[in-house]
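Me: I'm new to reading protein models, and I'd like to know where the labels come from. Can we go through some of them together?

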Amino acid sequence: MMPLSNNQSLVVKAPLDKNIQVLASAGSGKTRVLTERVRFILEQTKKDRVIGLTFTNKAAEEMIERLSDSEEAASRAWISTIHSLSQSIIEQYGHTIGLPSELNIYDRDKDRMEIFLQSLRDDGVNIDEYLDVPDSKEHRNRQSIMQKYMDAFSTIKREFLTEDEALVKFGGQERIWKIYQDYQSALLNSGGIDYDDILFYGHQLLLKYDWISNIYRTKYKHVCVDEAQDLNRAQYEFIKVFCGQSVKSLLMVGDPHQMIYGFNSSSSNFLCKEFINDFEPLKFELKENYRSTKAVISVANKLKPNSQEERSAALVGGVTFNKSQDEFEEAQWITNQIKFLLEMKNHDEIEGEISLDRMVVIARNRFVFPALEEKLTNENIKYFLKKGERLAEPSSLFGKILDYGLRVKLTPKDWVDGKKLCKLLKISPPKDWGDERQLYNWSMNIDYNSNIQFPELQSALLKELDNLDNEEPKIRKFVSTFDQKLKSLASLSDNDNDKLELEMSISELNDFKELWLRFKMKGVGGSLKAFRNAMALGQVTESRSNIGVTLSTVHTMKGLEKDIVFLMGMCEGVFPDYRANSNSEISEERNSAFVAVTRAKRWLYISYPEKRTMPWGDVKWQQPSRFVKEMQ
Ligand SMILES: Nc1ncnc2c1ncn2[C@@H]1O[C@H](COP(=O)(O)OP(=O)(O)OP(=O)(O)O)[C@@H](O)[C@H]1O
């Protein structure tokens with residue numbers, strides 16, 4: 001491995017009892033410095049433990065991978081996302097503030113909405129009548145009002161707003177606080193919490209009970225935070241109270257130019273201002289870009305003047321711009337470039353053979369990709385869409401029953417999933433929720449003559465789910481039983497619809513098995529509850545090897561790099577997004593463009609179409625993105 005630069009080394013070897021701020025540009029080796037710092041702390045001390053905090057599970061895995069050769073790291077370093085750390089605190093001590101001992105995390109937006117609507121009904125609000133308007137425009141309008149409430153609840157939790165602050169922020173709506181509190185109680189009454197609550201309650205526990213925080217503070221003397229430009233109030237306050245007065249070694253690394261989660265209430269102020277005021281850290285800057293060629297750095301610097309310094313040994317590289325008539329011609333152009341590069345095979349600037357796995361096509365959002373996907377498929381070029389950490393919704397009836405059934409089994413009070421299940425099974429929902437044997441009862445109530453697909457199979461599925469041991473579920477056996485059942489049904493069936501349903505069911509059962517195996521490999525537990533929560537927190541998303549050229553949104557490519565980057569669909573309205581109007585929103589779009597560009601190690605191709613077909617069929621003229629104009 002290349003040695004650390006002098007500046008990187010200064011950070012890694014800084015005194016162990018000091019807080020440290022590192023402002024570092026794209027490709028300057030942040031992740032590298034962070035992992036080497038963890039290694040250094042472990043080497044220099046005999047017993048000290050370190051916590052490394054990241055935003056995504058992928059980033060945590062990347063760090064664990066880089067430290068995998070260190071035995072000390074295995075026993076004395078805990079690398080985790082901020083949410084996972086908080087979740088484990090809640091699991092241990094949540095009962096002290098009245099949280100259920102078995103946590104159910106409502107990870108789907110529409111489930112949270114259902115709980116919100118129920119809390120309004122309980123309050124005597126006739127919300128169903130309100131939402132049931134025939135005019136479709138008005139209907140959407142009212143739904144979006146409800147969504148605004150949900151967003152407000154998230155903001156209250158992410159920004160730790162008090163009642164008064166919430167009142168100011170949401171324009172003097174006097175009832176907002178009461179409505180919010182009712183939603184919170186409704187969540188707890190359904191046996192669960194939502195994603196934002198994880199940090200909210202974790203913070204509350206650490207703040208209220210010194211004895212709990214001291215357990216962690218005594219154990220972990222060093223805390224290292226990656227991508228700290230993306231912290232929001234809840235995350236920052238959580239870290240702050242986690243460290244308290246006794247942790248004297250808090251390292252925060254970040255790049256203000258790459259702050260792209262403003263919609264999550266993130267702000268680089270936490271790294272750049274509050275951290276300085278609260279922790280008085282030593283300050284370091286890393287500007288040299290070790291990743292990219294001169295050509296890429298020069299374009300990045302046009303978007304963000306003086307953000308990057310060229311390393312003296314940087315290669316020349318290349319940036320190409322292309323204007324196409326429409327998105328189909330653009331897709332053709334990219335496909336041609338890919339073929340040309342593959343035929344070239346070798347080039348001095350690329351280590352090893354030029355192959356599809358060295359390439360990524362990045363766009364502002366995933367709706368830009370269809371034309372390209374079609375072209376790549378026609379030309380037999382393998383590709384895959386890079387997924388975020390959220391799991392896809394199941395689409396077969398079997399997959400849905402498996403998913404909702406598991407949730408209800410673990411949280412019998414979870415009426416949200418319970419009701420969905422009853423609807424699918426065409427049985428009437430119970431009056432009271434909480435019966436431990438609900439699934440078994442429902443399996444007996446299914447009417448085999450009703451028109452649900454494969455009622456006997458679904459009934460058997462509920463029974464087997466009910467049978468699973470919570471602590472030591474025999475998932476392999478469960479999966480193989482249903483795999484056989486589904487395959488034998490498929491061999492008997494001659495109805496196309498049924499065959500399609502069975503095919504999807506088999507594939508979703510397989511996904512379930514893969515998730516389980518991945519979960520088991522992680523060694524974070526073996527119970528069904530731990531499994532479900534790992535799914536909710538995105539800790540077990542796809543491990544399947546991805547083959548071909550990567551298609552990714554900017555946000556999913558954060559922190560990663562490829563030799564060859566295509567940046568497509570660069571029109572005004574797409575990138576920057578048409579919803580970005582204020583200065584701060586546009587500046588965040590610029591950060592996103594900067595992140596996209598700086599993923600490139602060697603060559604960058606930037607393209608835009610002059611016309612695009614809208615989802616409703618119209619063809620619309622496009623303006624090239626202002627960012628393209630700046631970069632050209
Ligand atoms: N001292 C060094 N010498 C040579 N290469 C280095 C050095 N430090 C880092 N690199 C390489 O530079 C690239 C960028 O490093 P890394 O991913 O750690 O940067 P980063 O600052 O986290 O990037 P970003 O914020 O843009 O995602 C990697 O390929 C890494 O191996």
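Reply: Sure. Keep in mind that this is a predicted model. Let's begin with Ala 24, which touches Lys 30, Gly 254, Asp 255 and Leu 286, once you skip its neighbours within four places in sequence. Ala 24 belongs to strand E1, residues 20-24.

Me: Why does Ala 24 count as buried?

Reply: Buried means under 20% relative accessible area. Ala 24 has 3% relative accessibility, so it counts as buried.

Me: And what makes Gly 29 buried?

Reply: The cut-off is under 20%, and Gly 29 comes out at 19%, so buried is the word here too. Gly 29 sits in the loop between E1 and helix H2 (30-44). By the way, an unreviewed UniProt entry lists both under "binding site", along with Ser 25, Ala 26, Gly 27, Ser 28, Lys 30 and Thr 31.

Me: Which stretch does UniProt list as a domain?

Reply: The unreviewed entry gives residues 3-293 as "domain: UvrD-like helicase ATP-binding". In the model that span is 55% helix and 14% strand, and its end C-alpha atoms are 19 Å apart.

Me: Now for helix pairs. Why are H11 and H13 called roughly parallel?

Reply: Helix H11 (residues 195-208) packs against helix H13 (residues 233-243) at an angle of about 25°, and the axes are 9 Å apart. Angles under 35 degrees count as roughly parallel, so that is the label for H11 and H13. The crossing of H11 past H13 is left-handed. On the H11 side, the contact is made by Leu 199, Gly 202, His 203, Leu 206 and Leu 207. H13 brings residues including Ala 234, Phe 238 and Phe 242.

Me: What makes H5 and H13 oblique to each other, then?

Reply: Here the axes of helix H5 (residues 82-93) and H13 cross at roughly 55° and come within 11 Å. Roughly parallel needs an angle under 35 degrees, and roughly perpendicular runs from 65 to 115. An angle of roughly 55° fits neither of those, so H5 and H13 are oblique. H5, too, passes H13 in a left-handed crossing. The H5 residues in this contact are Ile 82, His 83, Leu 85, Ser 86 and Ile 89, and they meet Gln 235, Phe 238, Ile 239 and Phe 242 of H13.

Me: How do you know that Ser 86 is buried?

Reply: Its relative accessibility is 0%, and the cut-off for buried is under 20%, so Ser 86 counts as buried. Ser 86 is in helix H5. Leaving out residues within four places in sequence, Ser 86 has contacts with Ile 198, Leu 199, Gly 202 and Phe 238.

Me: Which residues touch the most other members of the largest nonpolar core?

Reply: That core has 68 residues, and the ones in question are Ile 89, Phe 116, Ile 239, Leu 250 and Met 252. Another core of 52 residues lies apart from it, with Met 359, Ile 381, Met 570 and Trp 603 among its members.

Me: One last label: what makes helix H19 mostly covered?

Reply: It's a count. H19 covers residues 415-425, and 8 of its 11 residues are buried. Among them are Trp 415, Val 416, Leu 421 and Leu 425. The cover over these buried residues includes strand E4 (104-106) and helices H6 (109-122), H18 (397-410), H20 (438-445) and H21 (455-467).

Conventions:
Residues are numbered from 1 along each chain as its sequence is written. This is a predicted model: local features need pLDDT of at least 70, side-chain atom pairs count only at pLDDT 80 or more; totals for chains, interfaces and linings use all residues. Side-chain values use heavy atoms; hydrogens and water are left out. UniProt positions are given in the numbering used here, feature names are shortened, and annotations may be inferred rather than shown by experiment. Helices (H or I, at least four residues) and strands (E, at least two) are DSSP runs, numbered from the N terminus. Buried means under 20% relative accessible area, exposed over 50%, partly exposed in between (1.4 Å probe, protein chains only). Contact means heavy atoms within 4.5 Å. A nonpolar core is a set of buried Ala, Val, Leu, Ile, Met, Phe, Trp, Tyr and Cys residues joined through side-chain atoms within 4.5 Å. Axes are lines fitted to C-alpha atoms, for helices over the stretch in contact, and angles run from 0 to 180 degrees between N-to-C directions. Angles under 35 degrees count as roughly parallel, over 145 as roughly antiparallel, 65 to 115 as roughly perpendicular and the rest as oblique. A crossing is left-handed if the near helix is turned anticlockwise from the far one by less than a right angle, and right-handed if clockwise.
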